[in-house]
Amino acid sequence: EILLTIPPFFEASDDVNREEFGQFVGPALRRHPSIYAIEFLPRVAEANRDAFEQSARQEEGLDGFSIRAVDASGKDVPLRPKPFYFPIYYGEPQIRPVLGVDISSHPEQGPYVDRACARGEAVATPPLSLIEDPEDVLSVIAFSPVRRASSETSTGCDGIAKLILRIRPVVEVALGQTRLGEFQLMLSDPDVDQARQPEIEG
């Protein structure tokens, strides 16, 4: 529900800036501690890439900003030229090390960006580790397509709203005051590889 409020916010305006984005999503983050971050990924055409990067550095004050690619472990890899990129640009909270990462090039998250744009609806990943997290910290990521008011694209999307949900806080809220003691709780997802099953210790 929170994620689905973001596309209309962008659709109602042609110029949502970083501060406005933070003010819009900030209350949701404060109400829901299980939400790790909410981000916006604009669609950047290859032809506009240099101008976009220069604008980010000069007008947004993001020194050294560039659109880049990382592998599943978060290590920088060569960015392959493609017609469009979807870099992390706005974030609340702003996680500086991931700004500029092209999520559409990410081996785990990229297919969901493509799917959200193609379907025109929100999609979510199975449990996975974020770029900045160790492998045993799992999250679920949801992506929703954004179309701007002055969109010139007849298909696809102008950007992606991205919400990252930590699995452990969700489980802890659901359990409430339950005392697990020495018990170990495992949530099983039949669509996820056994090695990636989320495990919560009491």
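A residue counts as buried here when its relative accessible area is under 20%.

**View 1. The whole chain, inside and out.** This is a predicted model, and of the 202 residues in its protein chain, 43% count as buried. As for the outside, the accessible surface of the protein chain adds up to about 11100 Å². Carbon and sulfur atoms own 49% of that surface.

**View 2. Helices, strands and who touches whom.** Go looking for the regular pieces and you'll find five helices and eleven strands in the protein chain. Now take the contacts between residues at least 6 apart in sequence: 58% of them join residues at least 24 apart.

**View 3. The disulfide at Cys117 and Cys157.** The count of disulfides in this model comes to one. Its partners are Cys117 and Cys157, with their sulfur atoms sitting 1.8 Å apart. The pair ties together distant parts of the chain, 40 residues apart. Cys117 belongs to helix H4, which covers residues 110–119. Cys157 lies in the loop between strand E8 (139–146) and strand E9 (159–166). Are these two cysteines, Cys117 and Cys157, buried or exposed? Both Cys117 and Cys157 are buried.

**View 4. How sure is the predictor, and where does its confidence drop?** Across the protein chain the mean pLDDT is 84, and 80% of the residues reach 70 or more. Zoom in on residues 197–202, though, and pLDDT stays under 50. For that stretch, the model has 23 contacts beyond four places in sequence.

Key: Residues are numbered from 1 along each chain as its sequence is written. This is a predicted model: local features need pLDDT of at least 70, side-chain atom pairs count only at pLDDT 80 or more; totals for chains, interfaces and linings use all residues. Side-chain values use heavy atoms; hydrogens and water are left out. pLDDT is the predictor's confidence in each residue, from 0 to 100. Contact means heavy atoms within 4.5 Å. Helices (H or I, at least four residues) and strands (E, at least two) are DSSP runs, numbered from the N terminus. Buried means under 20% relative accessible area, exposed over 50%, partly exposed in between (1.4 Å probe, protein chains only). Accessible areas come from the Shrake-Rupley method with a 1.4 Å probe; for residues, only the protein chains shown count as cover. A disulfide is a pair of cysteine sulfur atoms within 2.5 Å.
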